[in-house]
Amino acid sequence: MANKRNAGRKRTTRTDESLRADRRERNLEFQEKQNELTELQDTPPYHLKGSGVTMWKKIVPELRKLGTIKQIDTVNLEAFCSSYATYIVAEKEISENGIFAYNFDDEGNKTTDFSKKNPAYSIMNDSIKTLKSLAVDLGLSFDSRSGQLVPSDNVVSESDKKVDYGR
């Protein structure tokens with residue numbers, strides 16, 4: 001069943017005067033409740049390894065700047081970082097052995113089986129799908145961020161919008 005309440009609309013946390021009063025009030029209430037939540041930890045969880053730890057350390061400071069991520073979002077962020085680590089391992093396997101599966105003949109020589117794809121290829125694709133889905137949930141895509149960000153108080157005037165093309 002579709003989400004009737006927000007059908008066709010991108011969610012926003014804006015609170016500016018151009019927003020309808022009921023939506024602005026709901027967004028202010030959301031921001032107050034969001035501020036009460038515990039901040040996300042800077043250090044990655046102990047079970048993350050390799051590229052997952054690197055990804056955590058890269059994106060957590062950026063997400064904290066936005067102020068949209070809290071400790072309650074840890075599960076999604078851990079899954080994102082873990083999927084990234086899996087993606088990197090699968091990508092490395094593919095770069096070393098190609099997209100097709102391989103077998104070993106009777107003499108122990110590696111032979112490519114062009115009728116089957118490397119299982120790492122499916123793992124890589126599944127990781128990409130998971131990453132894309134979680135990226136939206138975490139605000140890591142432009143579209144998801146643009147719906148969350150509050151516009152600045154600096155309104156651009158019509159004269160500032162004009163572009164001189166040297167004519």
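Within helix α2, the residues that count as buried (under 20% relative accessible area with a 1.4 Å probe and protein chains only, against over 50% for exposed and in between for partly exposed) are Gly52, Val53, Met55, Trp56, Ile59, Val60 and Leu63. Their cover includes α3 (74-97) and α4 (119-138). The model is a predicted one, in which local features need pLDDT of at least 70 and side-chain atom pairs count only at pLDDT 80 or more, while totals for chains, interfaces and linings use all residues. Residues are numbered from 1 along each chain as its sequence is written, and side-chain values use heavy atoms, with hydrogens and water left out.

Helix α2 itself takes in residues 51-66, and its 16 residues reach 23 Å from the first C-alpha to the last, close to the 22 Å expected at 1.5 Å a residue, where the expected span is 1.5 Å times one less than the number of residues. At Ile59, one of the buried residues, α2 has a kink of about 25 degrees, shortly before the proline Pro61; the bend is the angle between axes fitted to the seven residues ending there and the seven starting there. Just after the helix, Gly67 has a positive phi of about 75 degrees.

Ser82 belongs to helix α3 and counts as partly exposed because its relative accessibility is 37%. Although Ser82 and Ser51 are 31 residues apart in sequence, their C-alpha atoms are 8.1 Å apart in space.

Along the sequence, the chain follows the pattern α-α-α-β-β-α-α-α, with helices (H or I, at least four residues) and strands (E, at least two) taken as DSSP runs and numbered from the N terminus. Of its 167 residues, 26% count as buried.

Definitions and conventions: Contact means heavy atoms within 4.5 Å.
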